[in-house]
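Here are my notes on the model you sent over, as numbered points. Have the structure open while you read.

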Amino acid sequence: MKRTVLNVAALFLGVTAFAQNIQTVTNSKGPVLGYSADSGVKILTIGGNKFKDLNRNGKLDKYEDWRLPVDERAKDLASKMTVEQIAGLMLYSGHQSVPAPADGFRAGKYNGMLYKESGAKASDLTDQQKKFLKEDYLRHVLVTTVESPEIAAQWSNNIQAYIEGLGLGIPANNSTDPRHSATVTAEFNEGAGGQISLWPDGLAMGATFDPELVRKFGNIAAQEYRALGISTALSPQIDLGTEPRWYRIAYVFSESPELTADLGRGYIDGFQTTSRSKNGWGNKSVNAMVKHWPGGGPEEGGRDGHWAMGKFAVYPGNNFQNHVKPFTEGAFKLSGGTKEASAVMPYYTISFNQDTKNGENVGNGYSKYLITDLLRGKYKYDGVVCTDWLITADEPKTPGGFAGKPWGAEKLSIAERHYKVLEAGVDQFGGNNDKGPVLEAYQMGMKEYGEKAYRAKFEQSAVRLLRNFFRTGLFENPYVNVEETRKIVGNPEFMKAGYEAQVKSIVMLKNKGSVLPIKERKTVYIPKRYSPATFNWWGIYTAPSLDYPVDIEKVKKHYNVTEDPTKADFALVFVKSPHSEEGGYSDIDAAEGGNGYLPISLQYQTYTATEAREKSIAAGDPVVAPNVHDRTFKNKISTATNFTDLLTIENTYKAMNGKPVIVSVTASKPMIFNEFEKHADAILMNFNVSNQAVVDIVTGKYEPSGLLPLQMPANMATVERQKEDVPYDMETHKDSEGHNYDFGYGMNWSGVIKDARTQKYHK
């Protein structure tokens with residue numbers, strides 16, 4: 001990038017400037033410093049070294065001295081901060097979109113006007129962002145959708161320039177949920193796609209059984225994150241997938257504690273490690289916030305803790321300790337120099353009856369037993385603990401509504417909830433832009449413990465939080481070079497690596513008569529896929545559609561395509577795993593006198609839960625459903641919204657009249673194969689990667705190598721009988737070729753895969 005010398009003085013200092021009036025200063029044996037020329041920050045020269053005078057007092061404070069250890073700098077800065085500033089540091093913003101939309105939870109205005117009317121640039125800060133940065137002292141910002149990598153980089157630079165001249169000059173630690181997934185998904189994955197390398201995520205990455213591949217992903221993703229101005233990843237999700245009906249099982253690695261621990265370790269090492277650094281940390285590192293302590297997988301009946309209907313994680317198999325293993329044996333035992341994940345996020349759920357000290361059933365972020373006694377005490381973790389988003393906000397009007405998630409603390413005020421979270425041992429509040437409730441909680445703490453003691457507690461959290469700024473070089477240079485961003489994010493090398501990883505994640509379950517691969521230029525029939533009308537995570541309606549599930553033009557490079565199955569040599573059917581719109585709860589059922597709870601089915605056909613528990617393990621909702629003392633869904637009915645996928649397979653099989661039918665399943669959780677497996681000559685299963693990767697296996701360009709990261713159940717009866725906290729406890733589907741769709745199963749062109757991976761990771 002072309003850089004211009006500003007003046008003679010700048011030349012003497014070794015200062016250069018690039019876009020947005022940002023200057024850099026080079027140290028011969030130290031870090032490059034970056035600062036905004038408009039911030040008022042000056043450069044101090046001491047002993048031939050250069051330092052940023054962030055608080056503009058004309059002298060070098062310890063926290064400004066990059067030669068000192070991180071903890072010494074963090075303690076010095078924490079001691080200089082007001083209680084209000086520390087309260088702001090404890091905040092983690094709500095979801096920010098660049099630019100801000102006109103409505104919804106990410107909405108924002110520019111000089112009092114909506115973006116399209118304001119004349120603002122996409123990279124400008126919103127009025128709301130300026131407020132929480134300046135007035136609330138917020139310094140942790142969650143970034144979701146961005147217009148482009150360049151805009152993201154410019155926006156990040158604008159944030160840093162805006163706050164650099166404020167107070168003590170503390171920069172922003174921008175973060176993101178996973179944004180490399182091959183398909184855009186829900187709230188916790190909202191930045192996915194776009195102009196960035198696309199990789200397998202969750203179960204898809206787990207299906208590779210390859211910790212080194214995951215470490216490589218982490219390294220590449222970290223480079224792209226830092227180029228976007230992002231220095232913290234709200235990932236990985238290392239919950240165990242022991243409950244097959246769970247909504248978020250798609251984003252875990254596996255049901256195996258050992259595999260999950262190894263993949264989590266590789267992921268975090270890749271993100272956090274700066275090469276050629278003494279302790280692993282550096283300006284190429286990205287903090288990893290591992291989630292969700294102590295494991296959010298064993299949700300009762302599969303209902304998710306984002307909603308009141310899914311408040312409880314249960315342990316009928318007394319298997320709590322296995323869910324902790326991915327943390328203690330993976331995230332907290334890294335191979336690299338950073339040693340452990342820099343932050344931990346507890347899940348929303350109440351880990352039912354697991355508090356053996358106090359007998360308290362509260363959400364994990366409220367639990368002193370889980371945070372202070374176990375995480376801090378027994379496992380000696382001294383990194384940041386940050387709540388999941390909105391646990392201190394008020395809950396919705398019904399168990400199926402989407403709002404705050406104060407599970408177990410519903411009757412407390414918002415300020416009292418903040419205080420209880422602090423007392424549990426947590427440092428930070430996810431999704432809160434307002435310092436007010438934190439300051440109210442501080443007053444409560446002062447009354448109980450005295451000002452000196454509670455000031456010390458706040459400073460302790462500030463030190464933990466500030467470490468992650470200092471370790472990643474943000475105080476020296478929080479700015480990004482936009483030209484470098486263009487070169488790094490989504491470059492061809494990274495895109496190729498991501499695509500090849502997608503291919504490696506695809507599992508071939510069946511290949512009767514070695515029908516695959518099909519290398520010859522034959523004629524293929526690909527039925528269009530019907531997508532029913534749906535409501536997404538946020539209740540936004542999507543109209544039904546009937547479209548090709550894959551880019552037909554790309555398919556035509558390999559095969560002739562026909563819409564008449566009688567003229568085809570083979571059929572390629574794309575479907576998705578069964579999906580239930582209700583997610584385990586219905587307001588209609590509650591209004592009609594039921595308890596509201598419904599089964600979550602893993603099959604396409606209408607399912608009646610005759611084998612469900614007579615009585616739920618956990619129950620009780622003191623605010624929105626005080627009269628519901630049993631959450632059982634026994635004998636209730638559920639039908640998949642996409643049951644037409646099953647009809648498509650059946651009708652295609654009939655129309656092909658004995659000619660090969662290949663079924664490609666994109667799955668978000670385990671599913672029942674006995675409804676259609678007999679109608680398929682070959683089955684390829686992927687966990688939300690691109691359908692083009694599936695086509696490349698069908699053509700033989702790549703050989704399948706993925707393995708099942710969790711079991712595929714034989715029927716819904718075994719799903720109902722399994723225990724939410726126990727892995728490998730289902731009867732698995734056995735296909736027409738005699739193969740069981742069990743953990744670690746997968747095929748290549750030679751047959752069932754038996755290799756070093758299956759030897760290391762097994763039941």
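1. One term before we start: a residue is called buried here when its relative accessible area is under 20%. Also keep in mind that this is a predicted model.

2. With that cut-off, have a look at strand β27, residues 661-666. Six of its six residues are buried. Both faces of the strand are covered: V661, V663 and V665 sit on one side, with I662, S664 and T666 on the other.

3. So much for the faces; now the neighbours. Strand β24 (residues 570-576) runs parallel to β27 and is joined to it by six bridges. If you want a pair to click on, L572 has I662 as its bridge partner in β27. Strand β28 (residues 682-686) is also parallel to β27, with five bridges between them. There, S664 is partnered by L684 of β28.

4. Which residues have the most contacts inside the largest nonpolar core? They are W293, L466, F673, F676 and F687, in a core of 189 residues. Helix α8 is the top contributor to this core, giving nine residues. A separate core of nine residues lies apart from it, and includes L602, Y607, I672 and V719.

5. F676 deserves a click of its own. Not counting neighbours within four places in sequence, F676 is in contact with Y604, L646, I649, V663, V665, M671 and I683. Two of those names should ring a bell from point 2: V663 and V665 are on one side of β27.

6. Elsewhere there is an open sheet of seven strands, in the order β7-β8-β9-β10-β11-β13-β15, with parallel pairing. Its edge strands are β7 (95-98) and β15 (384-385), each of which pairs on one side only. At the β15 end, β13 (residues 343-346) pairs with β15 in the parallel sense over two bridges. A343 stands opposite V384 of β15.

7. Last, the second largest pocket, with a volume of about 1200 Å³. Its lining has 45 residues, and G282, N283, K284, T472 and G473 lie nearest the centre. The elements giving two or more residues to that lining are β1 (15-18), α2 (70-80), α8 (211-228), α14 (451-471) and α15 (482-488). So α8 turns up twice in these notes, as a contributor to this lining and to the largest nonpolar core.

8. How does the lining of that pocket divide into nonpolar, polar and charged residues? There are 17 nonpolar, 18 polar and 10 charged.

Notes: Residues are numbered from 1 along each chain as its sequence is written. This is a predicted model: local features need pLDDT of at least 70, side-chain atom pairs count only at pLDDT 80 or more; totals for chains, interfaces and linings use all residues. Side-chain values use heavy atoms; hydrogens and water are left out. On a 1 Å grid over the protein atoms alone, a cavity is a set of points where a 1.4 Å probe fits but cannot get out, and a pocket is an open set with protein on both sides within 12 Å along at least five of seven lines; lining residues have an atom within 4 Å of a point. Grid points are joined across faces, edges and corners, and a volume is the space filled by probe spheres set on the points. Helices (H or I, at least four residues) and strands (E, at least two) are DSSP runs, numbered from the N terminus. Ala, Val, Leu, Ile, Met, Phe, Trp, Tyr, Cys and Pro count as nonpolar, Asp, Glu, Lys and Arg as charged, and the others, Gly among them, as polar. A nonpolar core is a set of buried Ala, Val, Leu, Ile, Met, Phe, Trp, Tyr and Cys residues joined through side-chain atoms within 4.5 Å. Buried means under 20% relative accessible area, exposed over 50%, partly exposed in between (1.4 Å probe, protein chains only). Contact means heavy atoms within 4.5 Å. Two strands pair if DSSP finds at least two bridges between them.
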